[in-house]
Amino acid sequence: MKKLLLLLLFVGLHSFSQKNLPDLNLSTLDGKKVSLKNDFAEKDKLYVFSFWASWCGPCINELDEMNELQAEWKKTISFEVIAVATDDSRTQKRVKPLVNGKEWEYTILLDTNQDFKRALSIVNIPYTIVVKNNKIVHIQNGYVPGNEVDLFEKLKTL
């Protein structure tokens, strides 16, 4: 019984820790520091944080699809996509050329030390969180073609 209670307590605390956006500072591609809590805090606006890496094919496919659709989506809902590159120091040099070649219209953040990824206990990418009023309101793990449509349907309900 004690083990079960401890397990429930651990799961409950772990779940609670993921409900708020962590208070971290990350850099943009041009070196500007941004605060997750302060710079992405417009009231009732949805922020879609998509965790990706330059070596992750499904991540790039997801961001390509969202880039093509976001102008249409913005006619219906107020949201912003933030692409969080989780590349480490070995692969980080690939991020800027890849983003420039893709012409993504996102804010790109560099999570080089993977502090943001670690704060959310993310194991695998692609991983997408939706934040509203500094609270995580939706999580989507993985990507297959068509997930972006499901995400848009979910955004409309938030």
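## Worked exercises on a predicted model

In this predicted model, a disulfide joins C56 to C59, with an S to S distance of 2.2 Å.

**Exercise 1.** Determine how many disulfides the model holds, which hand the one between C56 and C59 has, and whether its two cysteines are buried or exposed.

*Solution.* Begin with the distance criterion, under which a pair of cysteine sulfur atoms must lie within 2.5 Å; the S to S separation of C56 and C59 is 2.2 Å, and the count by this rule comes to 1 disulfide. Next take the torsion about the S-S bond, which is about 75°, so the disulfide of C56 and C59 is right-handed. Finally, turn to accessibility: C56 is buried, and C59 is buried as well.

**Exercise 2.** Work out the strand order of the sheet, and explain why β2 and β7 each have one side without a neighbour.

*Solution.* Written out from one side to the other, the order of the 7 strands is β2-β1-β5-β4-β3-β6-β7, in an open sheet whose pairing is mixed. At the edges stand β2 (33-35) and β7 (135-141), and each has a single partner strand, so one side of each is left without a neighbour in the sheet. Neighbouring strands are turned against each other by 30° on average, direction ignored.

The mixed pairing can then be followed through β5. Strand β1 (residues 25-28) is joined to β5 (residues 107-110) by 2 bridges, and these two strands run antiparallel, whereas β4 and β5 are joined by 4 bridges and run parallel. At the level of residues, L109 in β5 is the bridge partner of T28, and L109 is likewise the bridge partner of V84.

**Exercise 3.** Describe how α3 and α6 lie across the sheet, and then characterise the contact between these helices.

*Solution.* First place each helix on the strands. Helix α3 (residues 57-73) lies across β3 (46-52), β4 (79-85), β6 and β7, and runs at about 160° to β3; helix α6 (residues 147-157) lies across β3, β6 and β7, and runs at about 160° to β7.

Second, consider the pair itself. Two packed helices are described by the angle between their axes and the distance between the axes. For α3 and α6, the axes come within 11 Å and cross at roughly 35°, and the crossing is right-handed.

Third, list the residues that meet: E65, M66, L69 and W73 come from α3, while E148, L151, F152 and L155 come from α6. Sorted by character, the residues of this contact comprise 6 nonpolar, no polar and 2 charged.

**Exercise 4.** Locate the cis peptide bond and the positive phi values at D44 and Q114, and place each in its loop.

*Solution.* The background expectation is that most residues other than glycine have a negative phi, and most peptide bonds are trans. Against this, the peptide bond from I125 to P126 is cis, with omega near 0°, and P126 is found in the loop between α5 and β6. That loop, between α5 (115-119) and β6 (127-132), also holds V123, which is exposed at a relative accessible area of 66%.

As for the backbone torsions, D44 has a phi near 65° and lies in the loop between α2 (36-39) and β3, where D44 is partly exposed, with a relative accessible area of 42%. Q114 has a positive phi of about 60° and is found in the loop between β5 and α5; Q114, too, is partly exposed, its relative accessible area being 24%.

Note on methods: Residues are numbered from 1 along each chain as its sequence is written. This is a predicted model: local features need pLDDT of at least 70, side-chain atom pairs count only at pLDDT 80 or more; totals for chains, interfaces and linings use all residues. Side-chain values use heavy atoms; hydrogens and water are left out. Buried means under 20% relative accessible area, exposed over 50%, partly exposed in between (1.4 Å probe, protein chains only). Two strands pair if DSSP finds at least two bridges between them. Axes are lines fitted to C-alpha atoms, for helices over the stretch in contact, and angles run from 0 to 180 degrees between N-to-C directions. Contact means heavy atoms within 4.5 Å. A crossing is left-handed if the near helix is turned anticlockwise from the far one by less than a right angle, and right-handed if clockwise. Ala, Val, Leu, Ile, Met, Phe, Trp, Tyr, Cys and Pro count as nonpolar, Asp, Glu, Lys and Arg as charged, and the others, Gly among them, as polar.
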